[in-house]
Amino acid sequence: MESFLGRYRNLTILVFVLFLQVLGLAVQVKTGAGEKAETRLIRMWAATAITPFERAVVWVQTSTGNLWHNYFYLRGVRAENRQLKEQIEQMRLEQVRLTEDAAQARRLQTLLSFKEQFVSKTVAAQVIGTAGSDLSRMVYIDKGENSGIGPDMAVITSDGIVGKVLLAGPNESRVLLISDQTSGVGAILEKSRLQGVLRGTANGEVMLERVMSDEQVQTGETVLTSGGDQIFPKGLPVGTVTRVGNGKDLFLNIRIKPAANLAKLEEVLVLTEKQERQAVTEDHGRVRAADILAQRLPSVPDKPAETAAVAGTSASPSSTANAAPKPNSPVAGSAAGAVKSASGNPAAKPAGTSAPSPKTTSQASGVQKPKPESAQKPLIVEQKPAPVAPPADTPQPPQDNSPQ
Amino acid sequence: MALVVQAYVPKYFPGFAAYVDLPLLVTIFFAMARRNPIAGLITGAIIGLFQDLLGHNPIGIYGIAKTVVGYGASSLGVKLDLENAGARLLVTLGFYLVHSAVYFTVARGLVNSTQHWSLPQGILAGIVNGVIGVLLYFMLDRFKQRT
């Protein structure tokens with residue numbers, strides 16, 4: 001026996017080492033260890049050993065990039081700045097419209113006793129590395145338990161969802177991407193409202209499973225999170241449908257192109273805190289479209305009180321912007337057809353309401369009796385190109401000034 | 001070092017992880033250079049297990065595959081003098097295929113994983129690894145001579 005072991009010493013050691021590893025694998029498979037507590041510590045040690053090097057490389061790269069882009073390569077920055085300012089203006093108008101929609105949705109949710117999830121806290125983190133294997137689609141981020149990150153927290157970018165935290169160490173975490181085979185995300189198609197489960201494939205594609213083959217799914221349709229997995233809040237963008245085919249077992253084979261670029265992740269957000277609460281309607285001072293539009297018109301001067309009073313006699317009090325904007329007023333002129341008043345609001349009955357801001361055009365058109373802001377009618381602004389304001393001497397249609 | 005590069009580069013070149021296995025190349029180089037089967041298999045086992053730890057799959061799949069490669073490369077290094085670039089390319093290609101075969105056998109047979117293996121892609125990846133391996137071995141040879 002000894003001579004046999006001595007003669008085949010190398011082979012014996014090979015078999016022994018392989019046997020130990022197979023035994024370890026068997027134990028992991030049997031106990032379902034994977035990422036669980038049995039191997040957690042040793043995996044964290046490995047991550048702790050490797051991440052400082054990755055952090056250093058990322059730091060050098062980021063610093064060099066920042067130095068170049070912030071101090072040397074500033075070509076086109078002014079033009080970009082101007083473009084961004086214009087974009088902000090457009091988005092502010094859009095915000096007013098969406099605020100109205102959201103308020104309406106909240107009112108309806110209250111009626112239905114609907115519970116909604118709010119993302120109350122996020123932590124920004126930088127991607128510092130990957131698993132280094134094509135068969136394990138995950139990335140490492142530079143924040144961990146010390147920043148409030150824990151397992152099963154959702155990870156997103158501004159474009160869409162990325163994955164979930166698999167394991168969190170003190171200063172780094174592993175994020176399992178949605179393209180990994182072992183991931184699963186509850187998803188819903190935006191238009192058809194069909195629900196399914198999002199899974200990764202062996203070659204890194206993302207598929208939507210569990211949608212029956214008799215359903216109609218269009219290519220290009222947007223996919224959102226359904227919230228059914230209790231990890232991702234409902235309504236986050238997932239991606240778009242790129243191919244629909246027949247799968248097995250009466251289910252469709254739907255391929256999804258993720259909204260977030262999973263191949264080149266730089267910064268991500270970890271949703272560290274979610275709140276689920278009853279929907280409540282909040283009626284704090286609405287921002288009127290007229291106010292926002294008025295702020296965009298610095299050339300319109302504030303008229304003196306006397307002039308305003310004179311103007312008020314010629315123009316009816318009900319011609320104020322918040323009741324029914326006139327086509328010849330600067331506000332109405334700049335958003336004619338885009339600003340419309342909500343009908344049936346009793347607060348609009350008394351004539352002569354005014355906007356609170358001194359810059360609002362209702363003052364310019366001659367308003368005498370200011371009213372509290374809460375009595376003003378909400379305005380909905382649709383995004384339309386603002387027409388040029390007509391001359392001030394344009395005749396106005398007759399108005400009924402009598403109180404109702 | 002190879003593990004750090006292997007974990008970092010796919011952040012910018014996603015295809016890198018699919019076609020290049022730097023830890024495997026390092027395993028082959030050191031196993032052939034030491035010409036001791038026990039040292040070779042232990043080197044392969046350590047590198048492979050560390051690579052397993054960085055992923056989320058059960059620990060041991062890469063470990064087993066690289067143990068076999070480490071043993072095979074060191075045994076081959078004892079019998080053959082592999083200084084020629086062409087021979088090195090062929091050896092690396094061969095060991096890459098052996099590594100893939102062992103990996104997928106263990107993954108499917110023991111862990112019940114649904115990994116797919118495509119032979120054409122395996123050969124292509126083997127050639128890519130072979131070319132990178134030849135360059136890497138040349139660099140490591142120079143480094144070894146200097147030290």
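Which residue follows α3(B), and what is the sign of its phi? The tour returns to this after an overview of the two chains. The model is predicted, and the first stop concerns how far each region may be read.

**Stop 1. Chain A as a whole**

Select chain A and colour it by pLDDT. The mean for this chain is 71, and 63% of its residues reach 70 or more. Next, select residues 307-404 of chain A, where the pLDDT is below 50. Beyond near neighbours in sequence, this stretch nevertheless has 172 contacts in the model. Where pLDDT is low, the predicted coordinates should not be read in detail.

Now show chain A as a cartoon. It has 8 helices and 14 strands. Of its 404 residues, 33% count as buried. Among the contacts in chain A that join residues at least 6 apart in sequence, 66% link residues at least 24 apart.

**Stop 2. Three strands of chain A**

Select β6 (residues 185-189) and β9 (residues 222-225) of chain A. These strands run antiparallel and are joined by 3 bridges. Then add β10 of chain A, residues 237-246. β9(A) and β10(A) also pair in the antiparallel sense, over 3 bridges.

A path across these strands can be followed residue by residue. Begin at A:Leu189, whose bridge partner in β9(A) is A:Val223. From A:Val223, the bridge partner in β10(A) is A:Gly239.

Centre the view on A:Gly239. Is this residue buried or exposed? A:Gly239 is buried, because 23 other C-beta atoms lie within 10 Å, and the cut-off for a buried residue is 20 or more. Leaving out residues up to four places away in sequence, A:Gly239 touches A:Gly160, A:Val206, A:Val223, A:Ile256, A:Lys257, A:Pro258 and A:Ala259. A:Val223 thus appears both among these contacts and as the bridge partner of A:Gly239. For a distance to check in the viewer, take the C-alpha atoms of A:Gly239 and A:Asn261: they are 22 residues apart along the chain and separated by 10.0 Å.

**Stop 3. The nonpolar core**

The largest nonpolar core has 93 residues. Select A:Val155, A:Ile161, A:Val162, A:Val175, A:Val268 and B:Ile28, which touch the most other members. In soluble globular proteins, nonpolar side chains tend to be buried together.

Take A:Val175 from this set. Apart from its neighbours within four places in sequence, A:Val175 is in contact with A:Met138, A:Val139, A:Ile141, A:Val155, A:Val162, A:Gly163, A:Lys164, A:Val165 and A:Leu166. Of these contacts, A:Val155 and A:Val162 are also listed among the core residues that touch the most other members.

**Stop 4. Chain B and its helices**

Switch to chain B, which comprises 7 helices and 0 strands. Buried residues make up 50% of its 147 residues. Among contacts in chain B with a separation of 6 or more, 67% involve residues 24 or more positions apart.

Select helix α3 of chain B, residues 22-34. Its 13 residues should span 18 Å at 1.5 Å a residue, and the end C-alpha atoms are 18 Å apart, which agrees. This helix is mostly covered, with 10 of its 13 residues buried. The buried residues include B:Leu22, B:Pro23, B:Phe29 and B:Met32. B:Ile28 is also one of the buried residues of α3(B), and it was selected at the previous stop as a member of the core.

The opening question can now be answered: α3(B) is followed by B:Arg35, whose phi is positive, near 55°.

Continue to α4 of chain B, residues 37-54. This helix has 18 residues and reaches 26 Å from its first C-alpha to its last, close to the 26 Å expected. Because 14 of its 18 residues are buried, α4(B) is largely enclosed by the rest of the structure.

Finally in this chain, select B:Thr105 in helix α6 (residues 85-109). B:Thr105 is partly exposed, with 14 other C-beta atoms within 10 Å. Its C-alpha atom is separated by 9.9 Å from that of B:Trp117, 12 residues further along the chain.

**Stop 5. Where the chains meet**

Show both chains together. The contact takes 38 residues from chain A and 34 residues from chain B. On the side of chain A, the elements that give two or more residues are α2 (9-31), α3 (37-72) and β1 (115-130). The largest share, 11 residues, comes from α2(A). By class, this side has 21 nonpolar, 12 polar and 5 charged residues.

Technical notes. Residues numbered from 1 in each chain as written. Chains lettered and ligands numbered in written order. Predicted model: local features only at pLDDT ≥ 70, side-chain atom pairs only at ≥ 80, totals over all residues. Contact = placed C-beta atoms within 7 Å. Helix = DSSP H or I, 4+ residues; strand = E, 2+ residues; numbered from the N terminus. Nonpolar A, V, L, I, M, F, W, Y, C, P; charged D, E, K, R; others polar. Expected span 1.5 Å × (residues − 1). Buried ≥ 20, exposed ≤ 12 C-beta atoms within 10 Å, placed from the backbone. pLDDT = per-residue confidence, 0-100. Pairing = 2+ DSSP bridges. Core = buried A, V, L, I, M, F, W, Y, C linked by C-beta atoms within 7 Å.
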